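This report describes selected features of one protein model. Please examine the sequence and the structure shown below before reading on.

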Amino acid sequence: MTISGDKVTATFTVNKIADREMDRIVLYTNKTQFVDNDTKVQEVNFPAQTGSVNVSFDLNDDSKAQRFLFGRICVWTKGADQGVYSPVFSLK
């Protein structure tokens, strides 16, 4: 997960989770290293997919205004109340 100007790009691989149907992939940003569904300044949803994934999005005004910015990728499965999170990335 990297940042260039006001655009964030993430390249990663999603493996199928046994016996679970994927719902969506979500990229989060936050001003601290605590980044998740509840603690974020921006959330961008993408359709669920497995294999190699390359997505990008523009930062919203809240994300642009932060001196420091961290990001995290999350895969949600259908019916789950928690997602599977990546490590946290320092973006700026």
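The lining of the largest pocket in this predicted model comprises nine nonpolar residues, three polar residues and no charged residues. The volume of this pocket is about 180 Å³. Its lining consists of Phe12, Thr13, Val14, Asn15, Ile17, Ile73, Cys74, Val75, Val84, Tyr85, Ser86 and Phe89. Strands β2, β6 and β7 (84-85) each give two or more residues to this lining.

Phe12, one of the lining residues, also belongs to the largest nonpolar core. That core has 19 residues, among which Met1, Phe12, Ile25, Leu27 and Phe57 touch the most other members. Two or more core residues come from each of β2 (7-14), β3 (22-30), β4, β5 (51-58) and β6 (70-77). Strand β2 supplies the largest share, four residues. Apart from residues up to four places away in sequence, Phe12 touches Ile25, Gly51, Ser52, Val53, Val55 and Ile73. There is also a second, separate core of six residues, including Val26, Val35, Cys74 and Trp76. Cys74 is thus named both in this second core and in the pocket lining.

Two glutamines deserve separate attention. Gln42 lies in strand β4, which spans residues 42-47. Is Gln42 buried or exposed? Gln42 counts as buried because its relative accessibility is 7%, and buried means under 20%. Beyond its neighbours within four places in sequence, Gln42 is in contact with Leu27, Tyr28, Thr29, Phe57, Asp58, Leu59, Asn60 and Ser63. Leu27 and Phe57, named above for the core, are therefore among the contacts of a buried glutamine.

Gln66 is located in the loop between α1 (61-64) and β6. With a relative accessible area of 19%, Gln66 is also buried, because the cut-off is under 20%. Outside its neighbours within four places in sequence, Gln66 is in contact with Lys31, Val41 and Lys92. Gln66 and Val41 are 25 residues apart in sequence, and their C-alpha atoms are 9.3 Å apart in space.

The side chains of both glutamines have polar contacts with backbone atoms, as listed below.

| Side chain | Backbone atom | Distance |
|---|---|---|
| Gln42 | oxygen of Asp58 | 3.0 Å |
| Gln42 | nitrogen of Asn60 | 3.0 Å |
| Gln66 | oxygen of Asp62 | 2.9 Å |

Asp58 and Asn60, which appear in the table with Gln42, are also listed among the contacts of Gln42.

Definitions and conventions:
Residues numbered from 1 in each chain as written. Predicted model: local features only at pLDDT ≥ 70, side-chain atom pairs only at ≥ 80, totals over all residues. Heavy atoms only, no water. Buried < 20%, exposed > 50% of the residue type's maximum accessible area, 1.4 Å probe, protein only. Polar contact = N/O pair within 3.5 Å; in protein donor to acceptor, adjacent residues only side chain to side chain. Contact = heavy atoms within 4.5 Å. Core = buried A, V, L, I, M, F, W, Y, C linked by side-chain atoms within 4.5 Å. 1 Å grid on protein atoms, 1.4 Å probe; cavity = no way out; pocket = protein on both sides within 12 Å on 5 of 7 lines; lining within 4 Å. Points joined across faces, edges and corners; volume = space filled by probe spheres on them. Nonpolar A, V, L, I, M, F, W, Y, C, P; charged D, E, K, R; others polar.
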